Amino acid sequence: MRKKIVAGNWKMNLLSAEAQELFSTISKEVTSSEKCDVMVFSPSLFISKLTEIKSNVKLGFQNFYPEEKGAFTGEISITQVKDSGADNVLIGHSERRAYFHEDHGFLKNKVDATLKHSVNVIFCCGEPLEEREAGNELKYVKQQLIDSLFHLNASEIVKCVIAYEPVWAIGTGKTATIEQAESMHKSIRSWIEEKYNSEIANSISILYGGSCNAANAKELFACPNVDGGLIGGAALDANSFLQIIASF
Ligand code: PGA
């Protein structure tokens, strides 16, 4: 059985007290017998405070630097991530690719660093609008996976979670249709099968992200190849986030 996951990506939002309140509120409701794993990717500044709150919600970093230590002013190392107790990370989010110019090679290094240090990764992929309009979305997303993820061997790739986030749906209120989401997720699974095997393809969780909310989560999560969601805007509201979790 593939793991079902609902992960919140708080991005660069909230102040310390707000983050603690939101995390406490969610934590009071999320039980250990939830039908899915629940995760929150908080701004790194709040992580140590949040780890003090008793919770069934896992914590993670939105970003890190793929070196163990050294002269990289302003960065957080992979070993610091591991040491924090919040050993989950996002890699390849479209905002990091676009605004911070994280290219395929750098993302590959990040993936390798997480595996070396036993940190769990959600690897994000997804096409911009012009690629979808040109009918290139499958080719584009497949290349992202080939470039930064498919160099892993079988025992490594099974540790990864993939999030498909069409760039045109992120923060726009425009969600992929059920058909668009299921079709891309199915393709991603078929490429994993092609490269590895069907057992591995069937064991990797593939999350949908891009304006997933309390109103559309149930339908999206009912798709055979959608194993949960990576939630941005709707994760900043406890009720919406809890409703999304309850969609399973
Ligand atoms: P959104 O963001 O839910 O606000 O579209 C999703 C994401 O970027 O992870």
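**The ligand site and two pockets**

In this predicted model, the side chain of Asn9 has an N or O atom 3.5 Å from an oxygen atom of the ligand. His93 also takes part: one of its polar side-chain atoms is 2.6 Å from a ligand oxygen. With Gly171 the contact is made through the backbone, where a polar atom lies 2.7 Å from an oxygen atom of the ligand. On its own the ligand has 280 Å² of accessible area, and the protein covers 96% of this.

The ligand has 13 residues around it, and those that come nearest are Lys11, His93, Glu165, Gly171 and Ser211. By class, this shell holds seven polar, four nonpolar and two charged residues.

The pockets come next. The largest pocket encloses about 520 Å³ of space. Its lining consists of 20 residues, with Met12, Gln62, Asn63, Arg96 and Phe100 closest to the centre. Helix α4, which spans residues 94–99, gives the largest share of this lining, three residues. Nine of the lining residues are nonpolar, seven are polar and four are charged.

The second largest pocket has a volume of about 300 Å³. It is lined by 17 residues, of which Ser94, Arg97, Gly126, Tyr140 and Val167 are the closest to its centre. Here too α4 provides the largest share of the lining, with five residues. At least two lining residues come from each of α4, β5 (120–125) and α7 (137–148). The lining of the second largest pocket is made up of eight nonpolar, six polar and three charged residues.

Helix α4 thus appears in the lining of the largest pocket and in that of the second largest pocket.

How values were computed:
Residues are numbered from 1 along each chain as its sequence is written. This is a predicted model: local features need pLDDT of at least 70, side-chain atom pairs count only at pLDDT 80 or more; totals for chains, interfaces and linings use all residues. Side-chain values use heavy atoms; hydrogens and water are left out. On a 1 Å grid over the protein atoms alone, a cavity is a set of points where a 1.4 Å probe fits but cannot get out, and a pocket is an open set with protein on both sides within 12 Å along at least five of seven lines; lining residues have an atom within 4 Å of a point. Grid points are joined across faces, edges and corners, and a volume is the space filled by probe spheres set on the points. Helices (H or I, at least four residues) and strands (E, at least two) are DSSP runs, numbered from the N terminus. Ala, Val, Leu, Ile, Met, Phe, Trp, Tyr, Cys and Pro count as nonpolar, Asp, Glu, Lys and Arg as charged, and the others, Gly among them, as polar. A residue is near a molecule or strand if one of its heavy atoms lies within 4 Å of it. A polar contact is a pair of N or O atoms within 3.5 Å; within protein, one must be able to donate a hydrogen and the other to accept it, and residues adjacent in sequence count only if both atoms are side-chain atoms. Accessible areas come from the Shrake-Rupley method with a 1.4 Å probe; for residues, only the protein chains shown count as cover.
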